[in-house]
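Let us walk through this structure step by step, beginning with the whole chain and then turning to particular strands and helices.

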Amino acid sequence: MDYVEFRTVMEEVRVRAPNLRTVADLLRGSPLEWQKEYVLYLFGREEGGRILSISLSNRLGRDTLIWKEARDGKFSVKGAYWFEQQGRFNSNNEIWRLIRDGKMHPRQSIFLWRLCVGALPTKDKYAGESNQECVLCGFCCESADHLFMQCPLSRALWLGAPLPVKSNEVSGENLTMKVLTLVKGLSKDLRLQAMVSFAAVCDTVWNQRNAIIHGGKCGDIPSLLKEVWRKFVEFGGDKAGEVSDSRSHVVTRPLVPYQFNKMVMVDGAYKESWCGMACTMIDKFDWTWDYGYFSKEGSSSLEAEMSAIGLAVEVIVQKEWVGAVILSDCQVAVTAFDKRKCPDWKLTDKFLHILDQMSKCRDCKLVFVKRDFLTFVNSLAVQARNERLCKTFCIGEGLPPVNPSFLV
Ligand SMILES: [Zn+2]
């Protein structure tokens, strides 16, 4: 009988015997015996019969509470954990086979194993309710699923990983199922590559999260991505064959005009009177890319977004780029610049200044794209805001951290 059934039965019994408190109320005499009729009256023939079949001990002096899942009857947190996780261990043998098939590096397989059984101490497991905020983005509950799949930072790393994945769109009721979804249908080699790539991403996210909480070396997104690629190579991901993946859930085409060879992705983040702005500049001619960010006081998300667009325009003017497209996920801002009409009077001055700068660019176009396509720059903006970073420009290394469909 599980807890819910037990409660239902006991609630029915309580109506008939409001004074019933303990098992002793169902017993009488010495030596002890069940009050047969009373038990049958309260619990009915079937349930009551079963209770009556329990033999009574006359030797136990005092009442004892027994945790029935443990052999010694003692409750322990560890025991409760294993009990709670039982379902996973039994039903998901496939994932354990994958993790333990011997080809993965032990360090990675142990990490993946801990991740999949839910053994990593994320805040939803141990922190008090008031202290569950994700340190990477400020989301209110740091669960394993949020931290490794949904958080903007991890989404950016998944996208920039050797096997790019839109981690927030992977289906599965828990992390284990999601990992299975990701590797389903892949050839043996590709599956190993995928596992190595996933482990590299999650491990990097976990280290970054711990570095922030416990004090340690934190990286910005480009350096974290480099870390992911380094781990991928270190743990043999590149040995298994060419990195390629044609599955559809990875690549969907955004509505970007392809004639533009220069792309600038922008995003702004706003929270508590502070704005973070970021942009990523990609030259499709030779795949070089760089990025910049800054933060300052501000009063709205729209202001952050407009400032980010301003940053992009400034870069385009400075680089003397001809024919660049700026990608923003803020429809209001995109429409505003298109119609040359400021959506908020408080931002008029900024708006006019950016318009003025825009007129200096040749063939510059501002285009709306879905948020999904700006994961990387979005995390940069959030980071700039959270850490109140000053204006910085950096050169990117490796492939640009964007949805692969942009690179076509
Ligand atoms: Zn987060």
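In strand 6, residues 324–328, 5 of the 5 residues are buried, so this strand is largely enclosed by the rest of the structure. The model in which we see this is a predicted one, and the protein as a whole has 15 helices and 8 strands. Of its 408 residues, 35% are buried, and among contacts with a separation of 6 or more, 68% join residues that lie 24 or more positions apart.

To follow strand 6 more carefully, it helps to recall that in a regular strand the side chains alternate between the two faces of the sheet. Here Ala324, Ile326 and Ser328 point one way, while Val325 and Leu327 point the other way, and all of these residues are buried.

Strand 6 also has partners to which it is joined by bridges. With strand 3, residues 262–271, it pairs in the parallel sense over 4 bridges, and Met263 stands opposite Val325 of strand 6. Strand 7, residues 365–368, likewise runs parallel to strand 6 and is joined to it by 4 bridges, with Leu366 of strand 7 as the bridge partner of Ile326.

Turning now to the helices, two packed helices are described by the angle between their axes and the distance between the axes. Helix 5, residues 106–117, packs against helix 10, residues 188–214, at an angle of about 70°, with the axes 10 Å apart. Because angles from 65 to 115 degrees count as roughly perpendicular, helix 5 is described as roughly perpendicular to helix 10. Helix 5 contributes Gln108, Phe111, Leu112 and Leu115 to the contact, and helix 10 contributes Met195, Val196, Ala199, Cys202 and Asp203. Sorted by class, the residues of this contact are 7 nonpolar, 1 polar and 1 charged.

Notes:
Residues are numbered from 1 along each chain as its sequence is written. This is a predicted model: local features need pLDDT of at least 70, side-chain atom pairs count only at pLDDT 80 or more; totals for chains, interfaces and linings use all residues. A residue is buried if 20 or more other C-beta atoms lie within 10 Å of its own, exposed if 12 or fewer, and partly exposed in between; C-beta atoms are placed from the backbone. Helices (H or I, at least four residues) and strands (E, at least two) are DSSP runs, numbered from the N terminus. Two strands pair if DSSP finds at least two bridges between them. Two residues are in contact if their C-beta atoms, placed from the backbone, lie within 7 Å. Axes are lines fitted to C-alpha atoms, for helices over the stretch in contact, and angles run from 0 to 180 degrees between N-to-C directions. Angles under 35 degrees count as roughly parallel, over 145 as roughly antiparallel, 65 to 115 as roughly perpendicular and the rest as oblique. Ala, Val, Leu, Ile, Met, Phe, Trp, Tyr, Cys and Pro count as nonpolar, Asp, Glu, Lys and Arg as charged, and the others, Gly among them, as polar.
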